[in-house]
Amino acid sequence: MQHFPNPFIPQRADPFILQVEGGYYFTASVPEYDRIVLRYSPDLLGLPQAQEHTVWVKHENGPMSDLIWAPELHFIDGAWYIYFAAAPNREIAYHAFQHRMYVLCCHDADPITGKWEELGQMVTSMDTFSLDATTFCHKGKHYYLWAQQDRSIPGNSNLYLAPLVNGWTLENKQIMLTKPEFAWECKGFLVNEGPAVLQRHGKVFVFYSAAATDENYCIGLLWADANADLMDSNSWHKAKEPIFTTSYENQQYGPGHCSVTRAEDGTDLLVYHCRSYREIEGDPLWNPDRHCRIKNIAWDDAGFPVLGVPPQDD
């Protein structure tokens, strides 16, 4: 089992690693929330030293001019897409920022040197606070999975799922997978966000993050049978307890907003962020020390993921 330095990449929150033929791409939120960056390495352990490239910069004003959050890089039907969230300002309304989700597209072979085109907002059935989109392909169908506020439901965000018509358009049918309901999902804020999909052992697993982004931040688990109708909300099940939480012993606080990738040997890996200290001066949102980290995912006899505890810093 491969060892990864901890932290893996400092001051990169909401980390996302995409494995492609021949290597790995990395992106994440930067502390300034003002741009989207990519780096590439032919091997996973080369990412921390890989050159970082800015591929898009926030607008001077308008809906994509502030708080650029949680970019993800995906390859769909021969083109690259970056999904991200942006806000017009830092004002709070309806107990949340005013983020909406947007998409960039690149048709060149190399997403780092290629030309990126803005395709606008990802339109959902509600025009409300929304963020943290990811995509996955299941049985030949592409799906879009994201967090959004429904103002008729208490809290900041729930998770929603919809099939994709193409890389920038959703089908009309959209379902809610989960909303904050357990006490551990409602500490500080009522939040379900940051979904990541892992398909293994005949199931579709969704890791997601819950609660405020301080030491209470943690990861929960949803799952559906791989042969079930993913667009039937009854197909989905939810763990009653979080599966990855703060380790006071290891001084790892608020693990969350994960993605999943694979090591070169095929081992499943959790890519996540957390802090190495508990006391934060000011708003946790503006603290830059949510570092990207990686750990191996284990599996129990029933074929469910076991994340264990966040390992201490090296």
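This report describes the overall fold of one protein chain and the setting of threonine 128.

The model is predicted: local features need pLDDT of at least 70 and side-chain atom pairs count only at pLDDT 80 or more, whereas totals for chains, interfaces and linings use all residues. Residues are numbered from 1 along each chain as its sequence is written, and side-chain values use heavy atoms, without hydrogens and water.

The protein chain holds zero helices and 22 strands; helices (H or I, at least four residues) and strands (E, at least two) are DSSP runs numbered from the N terminus. The radius of gyration of 18 Å agrees with the value near 20 Å for a compact globule of 314 residues, where the radius is taken over C-alpha atoms and the rule is 2.2 Å times the number of residues to the power 0.38.

| Property of the protein chain | Value |
|---|---|
| C-alpha box along the principal axes | roughly 45 × 45 × 45 Å |
| Buried share of the 314 residues | 58% |
| Exposed area | about 13200 Å² |
| Carbon and sulfur share of the exposed area | 48% |

Buried means under 20% relative accessible area, exposed over 50%, and partly exposed in between (1.4 Å probe, protein chains only). Areas come from the Shrake-Rupley method with a 1.4 Å probe; for residues, only the protein chains shown count as cover.

Threonine 128 lies in the loop between β8 (117-121) and β9 (130-138). With a relative accessible area of 7%, threonine 128 is buried. Beyond residues up to four places away in sequence, threonine 128 touches His99, Arg100, Gln148, Gln149 and Arg151, a contact being heavy atoms within 4.5 Å. Serine 157 is 29 residues from threonine 128 in sequence, with 9.7 Å between their C-alpha atoms.
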